[in-house]
Amino acid sequence: MKIGVVGLGTMGGGIAQLCVEAGLDTVGREVTLDLGENARDRIGHFLGRKVEKGQIESFDLARLSLTTELADLAGCDVVIEAIVEALGPKQELFAELERVCGPSTVLATNTSALSVTEIAAGTSSPERVVGMHFFNPAPLMPLVEIVRAQLTSDDAFETAFALGEKLGKHPIRCHDTPGFVVNRVLIPLLNDCVRVLDEARVSVEDLDAGMKHGAGWPMGPCELLDLVGIDIHVHASDALYDKLREPRMAAPPRLVAMANAGLLGRKSGRGFYTY
Ligand code: CAA
């Protein structure tokens, strides 16, 4: 089985890592070769750590080939898209993928907040478009949501489900509704947590301790927002609010101000915490 991954940022890089670890031939596409090589170095680092810790015996980084050309994805059985979260660029990409890939290639999107049906509408073969929504950090989080859009075929849906299993994930099946399953619940919950910061005048550290030690979360909400990226979370909140119009979905002003100030979390070195 040969897998294409378009976009090797945090999510795409993590997904490509899972493919290499599963021994699948993988083609990673980035806009420049430098970006691709940075991603491959990160993948080598994380898989190397797994070998050092005895979690895996070995891995073959040569399974991952890098390209800047979409045409090199032609022979893939499944292509997973993990580019910027914007409808226009995703629709353009899927239309181009449809042109370069054979008719049997399944086209999957890792979108977290956009509609898979709307992305598929940019193609003339929407039956082969499906959602495969991984969680951050993709190599560590067991879940993948397999999202059925309006016109997704059973074949494409089950191919994506089987790939999720092959990558060692716990796939769940759902339909294309705003936020799918987890973000529909998690995004308003994280927004509530941020509102509590001001309402209860609790410190960031104490709120995180509260949710870790009182609710069994593996990391506190502020740590998690820093991990996800404040800008990504605000964008996802906006998308959900736009569709559902529930006040809890709207990003709290504190988060919008942080995003505008460039306090994006781990990736910018500062968010709720300094890194
Ligand atoms: N990629 C690959 N490997 C990684 C990695 C990454 N990004 N980050 C860490 N690792 C590896 C490291 O090699 C590390 O080992 P070493 O330090 O020995 O090198 C190993 O994983 C374990 O790391 P940690 O000790 O940090 O692991 P942990 O036990 O503390 O768990 C966690 C980390 C899995 C992130 C855990 O804290 C957790 O489950 N947090 C919650 C995360 C969460 O909720 N994510 C969902 C976000 S929402 C989302 O993603 C939806 C969306 O659409 C935006």
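## Exercises on a predicted model: loops, ligand shell and pockets

F180 is found in the loop between strand 8 (170-175) and helix 6. The structure is a predicted model, and the exercises below start from this loop residue.

**Exercise 1.** Describe the backbone and the surroundings of F180, and state whether the residue is buried or exposed.

*Solution.* Step 1: the phi angle of F180 is positive, about 50 degrees, although the residue is not a glycine. Step 2: the relative accessible area of F180 is 5%. Step 3: buried means under 20% relative accessible area. F180 is therefore classed as buried, at 5%.

**Exercise 2.** Carry out the corresponding analysis for R201, and state whether it counts as buried or exposed.

*Solution.* Step 1: R201 is placed in the loop between helix 6 and helix 7 (204-215). Step 2: its phi is positive, about 45 degrees, and R201 is not a glycine either. Step 3: the cut-off for exposed is over 50% relative accessible area. Because R201 has 77% relative accessibility, it counts as exposed.

**Exercise 3.** Identify the residues that come nearest to the ligand and characterise the shell by class and by element.

*Solution.* Step 1: the ligand has 18 residues around it, and R49, K53, S112, H133 and N136 come nearest. Step 2: sorted by class, the shell consists of eleven nonpolar, five polar and two charged residues. Step 3: at least two residues of the shell are supplied by each of helix 2 (33-52), helix 6 (182-199) and helix 8 (221-228).

**Exercise 4.** List polar atom pairs between protein and ligand, then state how much of the ligand surface the protein buries.

*Solution.* Step 1: in the side chain of K53, an N or O atom is 2.6 Å from an oxygen atom of the ligand. Step 2: for S112, a polar side-chain atom lies 3.5 Å from a ligand oxygen atom. Step 3: N136 takes part through its backbone, with an N or O atom 2.8 Å from a nitrogen atom of the ligand. Step 4: the ligand taken alone exposes 1,100 Å², and the protein buries 64% of that area.

**Exercise 5.** Which peptide bond that starts at N136 is cis, and where is P137 placed?

*Solution.* Step 1: the bond from N136 to P137 is cis, its omega being near 0 degrees. Step 2: P137 is placed in the loop between strand 6 and strand 7 (143-148).

**Exercise 6.** Give the volume of the largest pocket and describe its lining.

*Solution.* Step 1: the volume is about 1,300 Å³. Step 2: 49 residues line this pocket, and M11, F135, N136, V228 and I232 are the closest to its centre. Step 3: two or more lining residues come from each of several elements, including helix 1 (10-21), helix 3 (87-100), strand 6 (129-134) and helix 9 (230-244). Step 4: helix 6 gives the largest share of this lining, seven residues. Step 5: by class, the lining has 28 nonpolar, 13 polar and eight charged residues.

**Exercise 7.** Describe the second largest pocket in the corresponding terms.

*Solution.* Step 1: the second largest pocket has a volume of about 460 Å³. Step 2: its lining comprises 18 residues, and Q17, F46, P137, P139 and L140 lie nearest its centre. Step 3: helix 1 and helix 2 each contribute at least two lining residues, and the largest share, five residues, comes from helix 2. Step 4: by class, this lining has seven nonpolar, seven polar and four charged residues.

Conventions
Residues numbered from 1 in each chain as written. Predicted model: local features only at pLDDT ≥ 70, side-chain atom pairs only at ≥ 80, totals over all residues. Heavy atoms only, no water. Near = heavy atom within 4 Å. Polar contact = N/O pair within 3.5 Å; in protein donor to acceptor, adjacent residues only side chain to side chain. Areas by Shrake-Rupley, 256 points an atom, 1.4 Å probe, with all protein chains shown as cover. Helix = DSSP H or I, 4+ residues; strand = E, 2+ residues; numbered from the N terminus. Nonpolar A, V, L, I, M, F, W, Y, C, P; charged D, E, K, R; others polar. 1 Å grid on protein atoms, 1.4 Å probe; cavity = no way out; pocket = protein on both sides within 12 Å on 5 of 7 lines; lining within 4 Å. Points joined across faces, edges and corners; volume = space filled by probe spheres on them. Buried < 20%, exposed > 50% of the residue type's maximum accessible area, 1.4 Å probe, protein only.
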